[in-house]
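Visitor: I would like to go through this model with you, one region at a time. May I start with a contact question?
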Amino acid sequence: MLMLPSIGMAAQRLKPCDLLFHVAAQPNAITTVTPGMIDHVAMVLSEDSVIEATHRGVVTTPLDSLRRQDGYYIIGRVRRADPVRSLMNARRYLGRRYDFVFLPDNDDIYCSELVQLSLVDKKGRLLLATIPMSFHDASGRITDYWSQFYARRGMAVPEGQPGTNPAELSQRKCVRLVGRLR
């Protein structure tokens, strides 16, 4: 098991462009089809705010409001990220609608898509590539939740389409987990 610094130490060390991965207190539709219990990711803007894609769209959120959620956050620091360019990229998406169908080919944005599209190195190159999306459980079967979710929208499940998820981003080689925030 990964040993993480205490909550107080981690909170003092947050840096702009750090990622906050939400670890859910209970399993949900996202954690059932992705590794671990991570179901959301936000990017630190300053010592007291984050930028994130939520059901309200791409918004800035006070850091203190994250502490009131169930579960906790793991802090990830992205190697080679240029914080100034990356946060400038992220701010360009402010006000965009939330992508309720998790597809990369529309103007709406979901949480890990915001991070994937924003994080760049000093030369402006994206640091995180997309991966084939997964809506199946450990047995390889697309879950009933996601089958019904997309059927209600008249869509096929986008299994294998390019995308991202917060749990997988937390496992990338360029992301170093440095602490825990409650």
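Visitor: Which residues does aspartate 121 touch, not counting residues up to four places away in sequence?
Guide: This is a predicted model. In it, aspartate 121 touches Arg80, Asp82, Arg85 and Leu127 once residues up to four places away in sequence are set aside.

Visitor: Where is aspartate 121 placed, and is it buried or exposed?
Guide: Aspartate 121 sits in the loop between helix 4 and strand 6 (131–132). It counts as buried, because its relative accessibility is 9% and the cut-off for buried is under 20%.

Visitor: What separates the C-alpha atoms of aspartate 121 and aspartate 70?
Guide: The separation is 33 Å, for two residues that are 51 residues apart along the chain.

Visitor: Back to Arg80, one of those contacts. What is its phi?
Guide: Phi of arginine 80 is near 70°, which is a positive value in a residue other than glycine. Arginine 80 belongs to the loop between strand 5 (72–78) and helix 3. At 57% relative accessibility, arginine 80 counts as exposed.

Visitor: What about phi of phenylalanine 102?
Guide: Phenylalanine 102 is not a glycine either, and its phi is positive at about 55°. Its place is in the loop between helix 3 and helix 4. Phenylalanine 102 counts as buried, with 13% relative accessibility.

Visitor: How do helix 3 and helix 4 meet, in terms of axis distance and angle?
Guide: The axes of helix 3 (residues 83–92) and helix 4 (residues 111–118) come within 8 Å and cross at roughly 135°. The two helices are therefore oblique to each other. Their crossing is right-handed.

Visitor: Which residues make that contact?
Guide: Helix 3 contributes Ser86, Asn89 and Ala90, while helix 4 contributes Leu114, Leu117 and Ser118. Sorted by class, the contact has 3 nonpolar, 3 polar and no charged residues.

Visitor: Why is helix 4 described as largely enclosed by the rest of the structure?
Guide: The description holds because 7 of the 8 residues of helix 4 are buried. The buried residues are Cys111, Ser112, Glu113, Leu114, Val115, Gln116 and Ser118.

Visitor: What do those buried residues pack against?
Guide: They pack against helix 3 and helix 6 (166–170), and against strand 1, strand 2 (38–46), strand 3 (49–54) and strand 4 (57–62).

Visitor: Strand 2 interests me; what can be said of alanine 42, which is found there?
Guide: At 0% relative accessibility, alanine 42 counts as buried. Leaving aside neighbours within four places in sequence, alanine 42 is in contact with Asp18, Leu19, Leu20, Val50, Ile51 and Glu52. The C-alpha atoms of alanine 42 and isoleucine 75 are separated by 9.8 Å, and these residues are 33 residues apart along the chain.

Visitor: Leu20 is one of those contacts. Which residues are in contact with leucine 14, beyond its neighbours within four places in sequence?
Guide: The contacts of leucine 14 are Leu20, Val44, Leu63, Ile75, Arg77 and Leu181. Leucine 14 is in the loop between helix 1 (7–12) and strand 1 (19–23). It is buried, with a relative accessible area of 12%.

Visitor: How many Å separate the C-alpha atoms of leucine 14 and glutamate 113?
Guide: They are separated by 22 Å, with the two residues 99 residues apart along the chain.

Visitor: Changing topic, where does tyrosine 72 lie, and how accessible is it?
Guide: Tyrosine 72 lies in strand 5. At 23% relative accessibility, tyrosine 72 counts as partly exposed. Its C-alpha atom and that of threonine 164 are separated by 21 Å, the residues being 92 residues apart along the chain.

Visitor: Finally, the cysteines: how many disulfides does the count come to?
Guide: The count comes to 0 disulfides.

Visitor: Why is there no bond for cysteine 17?
Guide: The sulfur of cysteine 17 is 11 Å from the closest cysteine sulfur, that of cysteine 174, and this is too far for a bond. For a disulfide, the two sulfur atoms would have to be within 2.5 Å. Cysteine 174 is likewise in no disulfide, with the sulfur of cysteine 17 as its nearest cysteine sulfur.

Visitor: Are these two cysteines buried or exposed?
Guide: Cysteine 17 is buried, with a relative accessible area of 4%. Cysteine 174 is buried as well, at 8%.

Conventions:
Residues are numbered from 1 along each chain as its sequence is written. This is a predicted model: local features need pLDDT of at least 70, side-chain atom pairs count only at pLDDT 80 or more; totals for chains, interfaces and linings use all residues. Side-chain values use heavy atoms; hydrogens and water are left out. Buried means under 20% relative accessible area, exposed over 50%, partly exposed in between (1.4 Å probe, protein chains only). Axes are lines fitted to C-alpha atoms, for helices over the stretch in contact, and angles run from 0 to 180 degrees between N-to-C directions. Helices (H or I, at least four residues) and strands (E, at least two) are DSSP runs, numbered from the N terminus. Angles under 35 degrees count as roughly parallel, over 145 as roughly antiparallel, 65 to 115 as roughly perpendicular and the rest as oblique. A crossing is left-handed if the near helix is turned anticlockwise from the far one by less than a right angle, and right-handed if clockwise. Contact means heavy atoms within 4.5 Å. Ala, Val, Leu, Ile, Met, Phe, Trp, Tyr, Cys and Pro count as nonpolar, Asp, Glu, Lys and Arg as charged, and the others, Gly among them, as polar.
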